[in-house]
Amino acid sequence: MERKKLFDLYEWDPGICFRHPDRGVVDTTVIRTLRPRLGPAEDVRACRQCVVAMEAERRARARELGVEYEPGQAGTPLDRH
Ligand SMILES: [Zn+2]
């Protein structure tokens, strides 16, 4: 899948990537929201590079599991549907 099409599946906002905090504020998208029992919900954000990597991992995992790969859900584990 083209990167542009992949990126269009997500909403991008400036933020801190969970894997690259040292890069500071970059283009990020929310891939998961953590809801701790105590305290406020916390968004987990990933940069474009990480989203591409996560989508590639997801696609490989989908092939392993023999399930359909759907782009645009980088933060949703395939085997926990
Ligand atoms: Zn990143």
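The following paragraphs describe the fold, the packing and two individual residues of a predicted model.

The predicted protein has a mean pLDDT of 92, and 96% of its residues reach 70 or more. Among the elements, the lowest mean pLDDT, 94, belongs to helix α1 (residues 3-8), whereas the highest, 98, is that of strand β1 (residues 13-16). As a general caution, predicted coordinates should not be read in detail where pLDDT is low. The C-alpha trace of the protein spans about 35 × 30 × 20 Å along its principal axes.

The secondary structure consists of 2 helices and 3 strands, and from the N terminus on the elements follow the order α-β-β-β-α. The strands form an open sheet of 3 strands in the order β1-β2-β3, with antiparallel pairing. Within this sheet, β1 and β3 are the edge strands, each of them pairing on one side only, and the twist from one strand to the next averages 60 degrees. Strand β1 runs antiparallel to strand β2 (residues 25-34), to which it is joined by 4 bridges; in this pairing, D13 has T28 of β2 as its bridge partner. On the other pairing, β2 and strand β3 (residues 42-47) are matched in the antiparallel sense over 6 bridges. The partners in β3 include V44, which is bridged to R32, and C47, which is bridged to T28. T28 is thus a bridge partner both of D13 and of C47. Helix α2 (residues 48-65) lies across β2 and β3, and its direction is at about 90 degrees to that of β3.

With regard to packing, buried residues make up 14% of the 81 residues in the protein. The largest nonpolar core has 6 residues, namely Y10, C17, A46, C47, V51 and A74. In soluble globular proteins, nonpolar side chains tend to be buried together. One member of this core, C17, touches R23, V26, T28, R45, A46, C47 and C50 when residues up to four places away in sequence are not counted; of these neighbours, A46 and C47 are themselves listed in the core. Over the protein as a whole, when contacts with a separation of 6 or more are considered, residues 24 or more positions apart account for 34% of them.

Two residues outside the helices and strands were examined individually. M1 is found in the segment before α1 and is classed as partly exposed because 13 other C-beta atoms lie within 10 Å, a count above the limit of 12 for an exposed residue but below the 20 required for a buried one. Residues up to four places away in sequence being excluded, M1 touches L6 and P71. M1 and P71 are 70 residues apart in sequence, yet their C-alpha atoms are 8.7 Å apart in space.

Y69 lies in the segment after α2. With 15 other C-beta atoms within 10 Å, Y69 falls between the same two limits and is therefore also partly exposed. The contacts of Y69, again without residues up to four places away in sequence, are with R58, R59 and A62. The C-alpha atoms of Y69 and W12, which are 57 residues apart along the chain, are separated by 22 Å.

Definitions and conventions: Residues numbered from 1 in each chain as written. Predicted model: local features only at pLDDT ≥ 70, side-chain atom pairs only at ≥ 80, totals over all residues. pLDDT = per-residue confidence, 0-100. Pairing = 2+ DSSP bridges. Axes fitted to C-alpha atoms, helices over the stretch in contact; angles between N-to-C directions. Contact = placed C-beta atoms within 7 Å. Core = buried A, V, L, I, M, F, W, Y, C linked by C-beta atoms within 7 Å.
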